[in-house]
Each structure stands twice: as structure tokens, then as C-alpha cells.
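Welcome! Take a moment to look over the sequence and the 3D view, and then we will walk through a few places together.

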Amino acid sequence: MAGYVVVGCQWGDEGKGKIVDYLAKKMDYVVRFQGGNNAGHTIVVDGKKIVLHLLPSGILSKSAECVIASGVVIDPFVLLKEMDTLRNNGVDVEHLRISDRAHLIMPYHIKLDGLQEMKLGGAKIGTTKRGIGPCYADKYTRIGLRVGDLIDFDYFKERLANVLKIKNELLVKIYDERPYELDELLEMFKPIREKLLPYIINSSEELNIAAAQNKDILFEGAQANMLDIDYGSYPYVTSSNPTIGGVIAGAAIAPRSIKYIIGVCKAYSTRVGEGPFITELFDEDGEKISSLGAEYGATTGRKRRCGWLDLVVVKQAAQINGLTDIALTKIDILSAFDEIKVCIAYKRKDGEIIHSIPSTIAGYEGLEPVYKIFKGWKKDISDVKTFEALPSECQKYIKYIEKFTGVQVSMVSVGPDREHNIYLHDIIA
Ligand code: GDP
Ligand code: IMO
Ligand code: MG
């Protein structure tokens, strides 16, 4: 048995969905452990694109049980719609399980996400406006509602009535908005409850029993280290820990059962929303990455900001997650460039070189990337199946990433489809 973790190494959208879908074939369980429908994980099967926001990317693999664990925040309306869409496309979703302890994103969370962003004006985070931050905030102030609360609807009603007093006061007095009616929300949640009940379980119990029975379990991260609430570019982050600690807290799995921690790293960088991005490109190269990589958000459709690979960021991902492997994605997009830059440090205005991520936004002020320049390979590599068959310039690029991060690149993805992969080391034991 082994526990596998897949996490993003940058600002999200590295191609985690594709890598999870590949690994899922061999898994008994695929588990989402944090985040919510701010995530957009794309899987391409025979040229057909499927974007998942809440369902684990293992859902397409019938052999794996799929679990939405306690650390996830669930918009039940989005979840049920996603399940229906898959059913209508002939995908079985009955192997889904939902933790009784996962928090519910309520309509007022979505409303408040938008209102807070509006109030922040120029200082906005650029959130996905899916209610993620307000829902996690309520979890930690202990006025959240959980999936398991729906089981006894009278209990749900009682808790919601208490919480609404606080939420409505905030909406009316601070934001000059209309309050929510208890009955209106209860009417919305009655049919939701009926539909969710069959899927609710105690997920940590089920997963630990599975681990004891030597099952293979894959934990699918959303977002990435630079969006981590503690280690990202705070406050331009999401409201959870997309890094390894999020697995332990969010799925309550014994740490010793985790054997492989796979970081998904895009061969260049992208970021959606506001916040610092040292290697961001505002020139033709940036536009080229954007158009060739089709870099538009899978959740909000926003244009992703693009730039060269920042290895300081990836090294931080390697350290804080304890990565055992890297899956390098979208390297095919770099085939169009004469030269390719990689950021290996940052330079302050006074000339001092720094090698780590600043802890404040003020600390990013005036930082310039220090680049190492690689010669491009200028050849289509999307049909290449082995490392040896890659152009030597491309091999050098990959080897440098390994050397800099101290983590082996076990898989290189050269296209969006399931078949577009090169395997260097066996990730699956
Ligand atoms: P995730 O959020 O980390 O799962 O990533 P997204 O799905 O948001 O974004 C990754 C995008 O890149 C998707 O459209 C994928 O289909 C696509 N993709 C993944 N790997 C590759 C690759 O190796 N090459 C190319 N060209 N596209 C890829
Ligand atoms: P996947 O799983 C890229 C970004 C938002 C915003 C910030 C906070 O597809 O990699 P939030 O709605 O979470 O409060 O927004 O985080 N963000 C993502 N960016 N990929 C994601 O997920 C993201 N999830 C959140 O754009 O900047
Ligand atoms: Mg995404």
C-alpha cells in the first residue's frame, strides 16, 4: 500500500488534473483534501475536455473510490450540477463519498466574497468569488455549517438560524445589502439534503481503514504553494493549505502512510488574480506563452498572467512539501522559443541577491529576476515518448530543474491528452 500526494509547485493550473487522472488508474481511492470549486482541473480524454471543480479527478476512473474529505469547502449546488453533467456524459459518479465534516459554502459566503473584494477596491485579491475565503473564515470562527449537519435537518435549521443573525447583521449594517430569510435558505437546502445524504461518510475513518488494508490512496491537491495561506504571497493567496500539511489535516490520514509526494510543475509560470509575480512577462514572449499554452482560467475564464519558470518558487515547493518526484508539464509550449529563461534567484535594487520567497508584499518591491538562459530546441516534441528521444537542449532544461530543486523529474508531459507523457522513473511502485 502507498499514499500518493499530488500538489501544485507554483500558482496553480500546473496540470494537476491530468497527472491525477493518469495515476488514478492504479488507485483504490482518489481524495480531494482542501480548497473548493475555486479549483479547475482539466482532463483531456481522446481530445474531449472535461473540467472538474469539486469532484476528484479520479472520478473518470471507475476503479477508484473518490472522496471529498473534511478539509474541502463544498458548494453543494455546484457539486450536484457537476455530478449531473458527468452523468449526462455517461460517466458513473456513484463511487463518490463526501465527508460529514466538510464545510458547506453557503449563498451568503459567495455574496460576501464579492462584497469584500469590492470594498478592497484596488487592493483586491482577485478571488474566484466562489465564497472560499468567507467559508473558511466561518469554519475557524466556528460559525460554519458542515455537510453532516444536514443529516438532522432540525439541527441544521437551528444552527443556520443562529449563524444568520450574525451574517445578516454584517450584510445589512456593513454592506447595505438585503438580509437572507431563514425559510428561503431552508427551502433551497431541503432538496440538496435529499440528494447528498446517500454520499455522506466519515471519510477519515474510511481512509484509515483503507490504508490499514494496504489500499493505494491518492491525495489530489488544488491550488499550490504560492497560494498557500501560510507560505504563499499573503494576502494574495487562497484560504487553505494546498501543501502537504493540508493532507494531514484535511484527510486525517496517518502521515507515515504517505510514500510519494509528487509536485506538478509547469515548464513556465502562470498566475491568475492579483499579487506579485517576479518573472511575469509583458512582452511578445508572454503573449506567445499565453496563446500557445491557451492560458485562460479553467474556473473563471480569466486570462492567466504568464512568465518564465521561477525555480526559487519551485524549490520552495520542494522544501515545504518534501517532494519525492516532479511531474513537469507543458514543456511542449516552450518548443517555439529560440531561448528560454529560468529564474534562479532575485536581485534587490542595492544589488543583493536573495534565494528565498519574501514574507511580505513590501519585500517584493524592486526585486528583479536573475535568469539563467537556455538555448531553445525549436522542434515539435509532442509525440516524443522517451527522455532519450527528446532534443538535447530539452534534456538539459529538465536536468537543470532536477539539479536546482534536488528532486527527480519522474514524468514529463508534452501535451494535454492522457497519452502525451514521457516516463523517466516509475512513480507507481
Ligand atoms: P490544474 O488546475 O493544475 O489541474 O491545471 P488546469 O487544468 O487548470 O490547467 C492546465 C491546462 O494545461 C489544461 O488545459 C490541460 O489540459 C493543459 N495541459 C496539461 N498538461 C499539458 C501539457 O503537457 N501540454 C499542453 N500543451 N497542455 C497541457
Ligand atoms: P487550481 O486547483 C489558479 C487564486 C485566485 C486568487 C486567489 C484567491 O485549478 O490550480 P480564492 O477564490 O481561492 O479565494 O482566490 O487564488 N486561485 C487559483 N489560481 N488555480 C487555482 O486552482 C486557483 N484557486 C484559487 O485566482 O488569485
Ligand atoms: Mg486549474
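## Around the magnesium ion

Aspartate 13 is partly exposed, because its relative accessible area of 22% falls between the cut-offs of 20% for buried and 50% for exposed. Please keep in mind that this model is predicted.

Which protein residues act as donors to the magnesium ion (ligand 3)? They are Asp13, through OD, and Gly40, through O, at 2.0 to 2.2 Å from the ion. These two residues come from distant parts of the chain, 27 residues apart. Aspartate 13 sits in the loop between β1 (3-8) and α1 (16-24), while glycine 40 belongs to the loop between β2 (29-32) and β3 (41-45). Is glycine 40 buried or exposed? With a relative accessibility of 11%, glycine 40 counts as buried, because buried means under 20%.

## Around ligand 2

Now turn to ligand 2, which has 20 residues around it. The closest of them are Asp13, Lys16, His41, Thr128 and Thr238. You have already met Asp13 as a donor to the magnesium ion.

Several polar atoms face the oxygen atoms of this ligand. In the side chain of threonine 238, an N or O atom is 2.6 Å from an oxygen atom of ligand 2. For arginine 302, a polar side-chain atom lies 2.9 Å from an oxygen atom of ligand 2. Glycine 40 takes part through its backbone: one of its N or O atoms there is 3.0 Å from an oxygen atom of ligand 2.

## The nonpolar cores

In soluble globular proteins, nonpolar side chains tend to be buried together. Here the largest nonpolar core has 62 residues, and Leu79, Leu96, Tyr108 and Phe156 touch the most other members. Helix α5 (residues 153-174) supplies the largest share of this core, six residues. The core lies between domain 1 (3-99 + 201-261) and domain 2 (104-196), because both give residues to it.

What does leucine 79 contact, leaving aside neighbours within four places in sequence? Its partners are Leu54, Leu55, Ile68, Ile74, Leu96, Ile98 and Leu196. Apart from the largest core lies another one, of 57 residues, including Ala69, Leu207, Ile244 and Ala267.

## A look at alanine 137

Finally, find alanine 137 in helix α4 (residues 132-141). Alanine 137 is partly exposed, with a relative accessible area of 40%. From C-alpha to C-alpha, alanine 137 is 27 Å from glutamate 14, and the two are 123 residues apart in sequence.

Note on methods. Residues are numbered from 1 along each chain as its sequence is written. Chains are lettered from A and ligands numbered from 1 in the order in which they are written. This is a predicted model: local features need pLDDT of at least 70, side-chain atom pairs count only at pLDDT 80 or more; totals for chains, interfaces and linings use all residues. Side-chain values use heavy atoms; hydrogens and water are left out. A nonpolar core is a set of buried Ala, Val, Leu, Ile, Met, Phe, Trp, Tyr and Cys residues joined through side-chain atoms within 4.5 Å. Buried means under 20% relative accessible area, exposed over 50%, partly exposed in between (1.4 Å probe, protein chains only). Helices (H or I, at least four residues) and strands (E, at least two) are DSSP runs, numbered from the N terminus. Domain bounds come from an automatic or database domain assignment. Contact means heavy atoms within 4.5 Å. Donors are N, O and S atoms within 2.8 Å of the metal (3.2 Å for Na, K and Ca); water is not among the atoms, so sites may look incomplete. A residue is near a molecule or strand if one of its heavy atoms lies within 4 Å of it. A polar contact is a pair of N or O atoms within 3.5 Å; within protein, one must be able to donate a hydrogen and the other to accept it, and residues adjacent in sequence count only if both atoms are side-chain atoms.
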